[in-house]
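Trainee: Could you take me closely through the surroundings of the ligand, and tell me which residues and which parts of the chain make them up?

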Amino acid sequence: MFSYWEKKNFLKYDFIVIGAGFVGLSTAIHWSRKFPKSKVLILERGIFPNGASTKNAGFACFGSLTELLDDFWQMTPPEVLDLVKRRYKGLESIRKEFGDRTIDYRPSKGFELIDASQLDALDRIDEINGFLKPIFKKPVFSLVPKRSRFGFSEKIKEIVQNQYEGELDPGKYVEALWKEASRLGIKILTGVEVLSIDQDEGKLLAKNSFSEERIPFEAEKIAICTNAFAKNLIPDLDLEPGRGLVMTTKELDFKIPWKGSFHMDQGYVYFRKVGNRLLIGGARNLDKETEQTLSNEINPKIKSHLIQLAEEIIFPGKSLEWDLEWTGIMAFGPKKVPIIQEIGKRTFLAARLGGMGVAVGWQVGKELSTLIRKRN
Ligand SMILES: Cc1cc2nc3c(=O)[nH]c(=O)nc-3n(C[C@H](O)[C@H](O)[C@H](O)COP(=O)(O)OP(=O)(O)OC[C@H]3O[C@@H](n4cnc5c(N)ncnc54)[C@H](O)[C@@H]3O)c2cc1C
């Protein structure tokens, strides 16, 4: 039941974006910068973004040595180079746009822990540095000389350093996007789930949590930016969800003797310090099928693997007290390339960020907004 005033003022827009993660917020911002008078609405089912944007580990990275070597199995060399460039330039652009202090970006470097089974990868450091030269001009990867200073287990034979990676605070990044959206007059409604879309007519039906009543919104253009959840609205999309677990310890009673973004196991496991806590996540590869889900449960097998890595490899012999654990849902496809496309006369989509949305979400939003503008 809507009032005359609600119907007149709240249901019709020039542009509606579904999903308020990095991509949805970025799309709306880029659109509003081009069309400042446009009436823009973002609909988000959570109170905060509830997919991956505030659930990730805050890694500002573009691929560890073994991850890049693994990419060559699925992608051509030009595709791998393009992917690294996209991620690195994406990170540079958000740093420039919002400022390091605002998003708490730290250029603390990336590190990869190499065990005995991965030592072959070290023979390819020079080759990969040469391959990446068109982007970085200088060598990206090098061996850390005194690995003992990190105090990792003896099982770690070498550590590879990446001088161009860093860390950021994804919550602060979202806050920066909120602030910019608000400056541009973009309205964000949270707790509203979109149930269906008429892709050609620019109509959609949504609901909120306290009523079963359908809310009929209308817009000239609609952008679906719901990443892993996009299949709920467009079932035949070529993407699969991938759940990622992240955990933090309580503040530790000893000082963590390292800083930076750390990777293990071809990038599947990652850890860093936040305050004086260990944050560790990943290991989706341990139970890939179970993790292809939209549900936010904790997989006990993955949890115990991460705890074991923390207590045996990262801080050998230490018993850690754990505090928080959460999951975020990413979207993957056959290749690490996002889908950015028109899917109806008035409807467009950007999804399948492949675990790279911290790095490329802002740019993907720009590309989606440009695509829609060109079809205007
Ligand atoms: C554990 C983890 C680690 C990661 N590590 C990295 C990393 O190292 N580097 C990197 O670059 N990226 C990383 N990522 C990926 C990155 O966080 C994502 O790619 C990015 O957040 C995707 O942004 P998005 O806006 O496309 O999607 P999301 O953040 O998922 O946003 C989609 C939004 O749509 C909303 N929504 C869904 N359905 C509906 C509906 N029907 N109606 C209304 N709203 C809806 C959701 O609630 C959600 O807020 C990681 C992610 C996770 C979970």
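Mentor: What follows goes from the shell around the ligand to its polar contacts and then to the domains. This is a predicted model, in which local features need pLDDT of at least 70 and side-chain atom pairs count only at pLDDT 80 or more, while totals for chains, interfaces and linings use all residues. Residues are numbered from 1 along each chain as its sequence is written, and side-chain values use heavy atoms, with hydrogens and water left out.

The ligand is surrounded by 34 residues, each with a heavy atom within 4 Å of it, and the closest are E44, R45, N50, S53 and G357. By class, this shell holds 19 nonpolar, eleven polar and four charged residues, where Gly counts as polar. At least two shell residues come from each of α2 (22-34), β2 (40-44), β9 (192-198), β16 (322-332) and α9 (357-374), which are DSSP runs (helices H or I, at least four residues; strands E, at least two) numbered from the N terminus.

Among the polar contacts (pairs of N or O atoms within 3.5 Å), a backbone N or O atom of F22 lies 3.1 Å from a ligand oxygen, a polar side-chain atom of N56 also lies 3.1 Å from a ligand oxygen, and a polar backbone atom of M356 is 3.0 Å from a ligand oxygen. Of the 1000 Å² of accessible area (Shrake-Rupley method, 1.4 Å probe) that the ligand has on its own, the protein covers 97%.

Domain 1 (4-54 + 171-238 + 335-374) and domain 2 (62-169 + 241-330) each give at least three residues to the shell, their bounds coming from an automatic or database domain assignment.

Note on methods
Polar contact = N/O pair within 3.5 Å; in protein donor to acceptor, adjacent residues only side chain to side chain.
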